[in-house]
Amino acid sequence: MSATTAWPTCVDCDVHNAVPDISALFSFLPDRWVDYCVESGVDGFDPAFYPPGMPLSARPDARCDGGPPGSDPDLVRAHVLDGGGAGHAVLNCLYAVQALHNPDWSGAMAAALNDWQAARWLAADPRFRASIVVSPRDPRAAAEEIARVAGNPGFVQVLLLATASEPLGRRGYRPIYAAAEAAGLPVAIHPGVGGPNPLSPVGWPSHYIEDYAGAALSLQSQLTSLVCEGVFATHPGLRVVLLESGVTWLPSLMWRFDKNWKALRQEVPWVDRPPSRLIREHVLLSVAPFDAPPDLDRDWVDRFLDQLGSVQMLLHASDYPHWHHGDRPSALLEQLSPAERALVLRGNAARLYGLPEERSGCPATD
């Protein structure tokens with residue numbers, strides 16, 4: 001969504017709040033880890049996958065003197081809620097504590113992030129919602145963190161990063177999914193480095209543009225892992241949200257997945273129906289960035305929605321403060337019917353996150 005486009009009382013499902021400085025977390029950390037950070041000269045975990053000087057890392061008016069873009073709740077409120085028309089904004093903090101190899105330190109930093117989000121962001125405006133940051137280094141400890149934080153209604157999902165140590169469908173991660181399912185929370189997967197693996201399926205790229213242009217590849221790999229490893233069979237109530245990965249790649253993946261499943265289904269007997277059905281039942285995706293032809297029209301949108309299978313899989317997102325998709329999500333919304341637009345802007349997210357649909361100001365869809 002552009003700086004000038006506002007969609008009234010939508011739910012913005014991907015807004016990135018940033019830690020201004022590591023010292024902001026110290027009051028939420030045990031003394032042991034505060035001392036460790038200070039004595040080791042650790043100055044922060046700002047994610048390297050959004051280089052601060054790159055134009056696409058932040059829209060110009062989001063940059064501020066007091067910290068990185070997204071670190072000032074008042075400015076985010078002004079841009080996303082008051083100025084952007086969002087009735088609610090779901091915060092996905094990408095402070096890269098998941099990349100720490102020490103599971104105790106990583107888990108402590110994740111817990112501090114969650115407590116900081118509650119005190120600094122959720123308390124700042126009732127329209128903010130947040131994702132629970134967990135460290136997948138220790139899935140059982142991550143499950144305990146989900147159970148600890150889920151009692152706060154301001155937290156509406158669990159956040160994982162796409163470039164993990166292993167495919168996210170592996171059985172070692174099951175405690176995370178069990179805890180999320182028990183708490184009634186979806187699990188969101190966002191591009192980012194949460195482990196030692198390369199950023200691309202074929203190794204480390206030489207240039208940032210390679211990483212950025214291929215970001216959806218990791219999400220595709222994680223989605224196939226979740227299906228084939230039986231995560232949805234074991235946790236039938238789990239919903240998964242794919243963020244900042246685009247969406248127009250999904251129909252072709254589902255077609256290929258279904259075709260190969262017909263020949264290889266004996267290998268994964270727990271996948272008891274076509275993978276495309278499982279994906280449509282369990283997965284939602286944000287529409288930013290939206291990859292589409294420049295001459296977007298209703299015929300193209302009709303074909304895409306028919307191939308996707310359901311407009312109820314799509315979630316509105318600005319990806320604030322990142323600035324890499326121009327106005328393409330708005331171009332999609334303008335081609336949708338009022339009922340379809342109401343679902344994408346708020347209805348789908350309201351049902352997913354338990355938000356009040358009656359505030360949407362959108363036409364009924366039944």
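How many of the six residues of strand 3 are buried? In this predicted model, six of the six are, so strand 3 is largely enclosed by the rest of the structure. Strand 4 gets much the same treatment: nine of its nine residues are buried, so the rest of the structure largely encloses this strand too.

Some context for the chain helps here. The chain holds 13 helices and eight strands, and buried residues make up 55% of its 366 residues. Among contacts with a separation of 6 or more, 79% are between residues 24 or more positions apart. As for confidence, the mean pLDDT comes out at 89, with 90% of residues reaching 70 or more. One stretch to treat with care is residues 358-366, where pLDDT stays under 50; for this stretch the model has 15 contacts beyond four places in sequence.

Back to the strands. The eight of them form an open sheet in the order 1-2-3-4-5-6-7-8, with parallel pairing. Strand 1 and strand 8 (314-315) sit at the edges, each pairing on one side only. Going across the sheet from strand 1, four bridges hold it to strand 2 (residues 86-91) in the parallel sense, and Val11 has His88 of strand 2 as its bridge partner. Strand 2 is then joined to strand 3 by three bridges, again running parallel, with Ala89 standing opposite Phe128 of strand 3. Between strand 3 (residues 128-133) and strand 4 there are four bridges, and these two strands also run parallel. Here Ala130 stands opposite Phe155 of strand 4, while Ser131 faces Gln157 in that strand.

What packs on the sheet, touching strand 4, strand 5, strand 6 and strand 7? That would be helix 7 (residues 215-228). Its contacts are with strand 4 (155-163), strand 5 (187-193), strand 6 (240-242) and strand 7 (283-286), and its direction makes about 110° with that of strand 4.

Next, the nonpolar interior. In soluble globular proteins, nonpolar side chains tend to be buried together. In this model the largest nonpolar core has 95 residues, and Met109, Tyr177 and Leu250 are the ones with the most contacts inside it. Helix 3 (residues 103-122) supplies the largest share of this core, nine residues. Leu250 is worth a closer look: leaving aside residues up to four places away in sequence, it touches Leu223, Ile279, Leu285, Leu308 and Met313. Apart from the largest core lies another, of 17 residues, including Val156, Leu284, Leu352 and Leu355.

Aromatic rings form a theme of their own, with ten aromatic pairs found in a search of the whole structure. Take Tyr36 and Trp105: their ring centres are 4.9 Å apart and their planes lie at 75°, so the pair is edge-to-face. This pair links distant parts of the chain, with Tyr36 in helix 1 and Trp105 in helix 3, 69 residues apart. The two partners differ in how they meet the outside: Tyr36 is partly exposed, with a relative accessible area of 37%, whereas Trp105 is buried, at 9%. Both also belong to a cluster in which ring pairs link Trp33, Tyr36, Phe45, Tyr95 and Trp105.

A second edge-to-face pair brings in Trp116 and Trp121, since their ring centres are 6.4 Å apart and their planes are at 70°. Trp116 counts as buried at 3% relative accessibility, and Trp121 is buried too, at 0%.

Trp116 also turns up in the surroundings of Ala24. Where is Ala24 placed? It lies in the loop between strand 1 (10-15) and helix 1 (31-40). Not counting residues up to four places away in sequence, Ala24 touches Val19 and Trp116. Ala24 and Trp116 are 92 residues apart along the chain, yet their C-alpha atoms are separated by 7.8 Å. Is Ala24 itself buried or exposed? Neither quite fits, because a relative accessibility of 24% makes Ala24 partly exposed, while its partner Trp116 is buried.

Conventions. Residues numbered from 1 in each chain as written. Predicted model: local features only at pLDDT ≥ 70, side-chain atom pairs only at ≥ 80, totals over all residues. Heavy atoms only, no water. Buried < 20%, exposed > 50% of the residue type's maximum accessible area, 1.4 Å probe, protein only. Contact = heavy atoms within 4.5 Å. Core = buried A, V, L, I, M, F, W, Y, C linked by side-chain atoms within 4.5 Å. Pairing = 2+ DSSP bridges. Axes fitted to C-alpha atoms, helices over the stretch in contact; angles between N-to-C directions. Phe/Tyr/Trp six-rings, centres within 6.5 Å; stacked < 30°, edge-to-face > 60°. pLDDT = per-residue confidence, 0-100.
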